Amino acid sequence: MDENNVNMKKNTKKGLMIGGIVVVLLLLIGMLTYFLMPVKPKKVFTIAIERVYESSKENSQVTNTLGGKYTIETDIHSDKTNEEKILEIINNLKISMNYGMDTKDKKMHISLNSDYKDKELLNASIDIQDSNAYVFLQDIYSKQLLVPIEGMDEMFKTFEKANEYEVILKHVKNALDKSLKEEYFSKKNTTITLNGKSTKVIDNQLILNEKNVKEITSVLSDELNNEEFIQSFSNLMDYSEEETKELLMDLKNEEINLEDGTLIISIYTKGLQNKFVGLSIHDESDTISILKNTKTNYSYEIKMDGKNYKGNIDIKIKDNNINLKVSFDIEGISGSITMDFVENKNISLPEIDTNNTISIENLNESEAMEILNNLQNKEGIVELVQTITSLNSIGFNF
């Protein structure tokens, strides 16, 4: 092989290697520059708005069928004897509900189960269609009770208008982006308590005084005054387009009066990647804050009217299961409420049999007494009534 060709190949490989190293170095420098470059507080807020928008848009999507199971339990206590007795009753109640909904055919099915001190309280099956509820009380009455209900048509209409939400959210997001000027923002270094430890963070602030709010509402009014937003908002709210336009004009012309002076919204971030660690809204006297201790645990604090309320929120999400536990300590009452939700979109609603049905308005005295007697034979109901009666016997008033 010719020596010149060999040297040329060596030089080519060397050149490629050096070129590759230069590219990697440039990428590293670019990444470091991005992470080390101070992020303007407005950027922090616009990113937050974008994430809220994407989440809201995703949640506004509706399928023809949806459903799930809810359960709720409490563990709440008081340092006052009378309150503790009531809370003990509540703590011994366990309630769960399975539900399914067909938004196209406007039908809904609910299975309700409840216990008191692990004894059956009341189990019911409820089918809803055509503004009527067909209620079957298990072991209580052999027929379905027909109960007229109002407001169901309006509820199903909200699902029909799901697309309007997405249009409205898009325009509100864009309008907010244009209305928030750089001069409304500031940032500073501060220290907050995360997971029991003092942590240095950046406090990114949106400062809202009367002048700023007036300017923001004026821009929002102008930006939302477009055909697409007006049509979607009017359809969703059952307003005429003229009424929507009037609302936008009222927004622009409304007098702004912040009685407690300046309102500050803070987003706390930390680290080179500006990770979100908390949110706070406060004026001269009151504060509402929520801080992210871990991926699944948040702490909150509310200072209002000279009083201080605080607690924790634990959120666990796995597949279609969401578990939420809210703990609190408020003026001598402390404890937690635990809610569990399992989503199920692939449901099949049972057919409603209206043959074995009687209107609740047509129950005669004998039938009403049958229901009452069967209720009194339920172990959980007997136990609950006895507990309440014992409280009344010692002069306790609810």
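**Exercise 1.** Is Lys-161 buried, partly exposed or exposed?

*Solution.* Start with the ground rules. This is a predicted model: local features need pLDDT of at least 70, side-chain atom pairs count only at pLDDT 80 or more, and totals for chains, interfaces and linings use all residues. Residues are numbered from 1 along each chain as its sequence is written, and side-chain values use heavy atoms, with hydrogens and water left out.

Step 1. Fix the scale: buried means under 20% relative accessible area, exposed means over 50%, and partly exposed lies in between (1.4 Å probe, protein chains only).

Step 2. Read the value. Lys-161 has 17% relative accessibility, so Lys-161 counts as buried.

Step 3. Place the residue. Lys-161 sits in the loop between α4 (152-160) and α5. Helices (H or I, at least four residues) and strands (E, at least two) are DSSP runs, numbered from the N terminus.

Step 4. List the contacts (heavy atoms within 4.5 Å). Beyond its neighbours within four places in sequence, Lys-161 is in contact with Asn-235, Leu-236 and Asp-238.

**Exercise 2.** Find which parts of the chain are tied together by the salt bridge between Glu-50 and Lys-173.

*Solution.* Step 1. Apply the rule: a salt bridge is a side-chain nitrogen of Lys or Arg within 4 Å of a carboxyl oxygen of Asp or Glu. By this rule the count comes to 15 salt bridges.

Step 2. Check the pair. The side chains of Glu-50 and Lys-173 meet at 3.2 Å, N to O.

Step 3. Locate both ends. Glu-50 belongs to helix α2 (residues 41-59) and Lys-173 to helix α5 (residues 162-179), so the bridge ties together parts that are 123 residues apart in sequence.

Step 4. Compare exposure. Glu-50 is partly exposed, at 30% relative accessible area. Lys-173 is buried, at 11%.

Step 5. Extend the picture. Glu-50, Lys-173 and Asp-177 are linked in a network of salt bridges.

**Exercise 3.** Work out how the salt bridges Lys-117 to Glu-383 and Lys-245 to Glu-242 are placed along the chain.

*Solution.* Step 1. Take Lys-117 and Glu-383. Their side chains meet at 3.7 Å, N to O. Lys-117 lies in the loop between β3 (107-116) and β4 (119-129), and Glu-383 in helix α10 (residues 379-393), so this pair ties together parts 266 residues apart in sequence. Lys-117 is partly exposed, at 33% relative accessibility.

Step 2. Turn to Lys-245 and Glu-242. Their closest N and O atoms are 3.9 Å apart. Both lie in helix α8 (residues 241-253), three residues apart, so about one helical turn separates them. Lys-245 is also partly exposed, at 33%.

**Exercise 4.** Describe the surroundings of Thr-191.

*Solution.* Step 1. Find the element: Thr-191 is in strand β7 (residues 185-194).

Step 2. Judge exposure. Thr-191 is partly exposed, at 48% relative accessibility.

Step 3. Name the contacts. Not counting residues up to four places away in sequence, Thr-191 touches Ser-198, Thr-199 and Lys-200.

Step 4. Add a distance. Asp-203 is twelve residues from Thr-191 along the chain, and their C-alpha atoms are separated by 8.9 Å.
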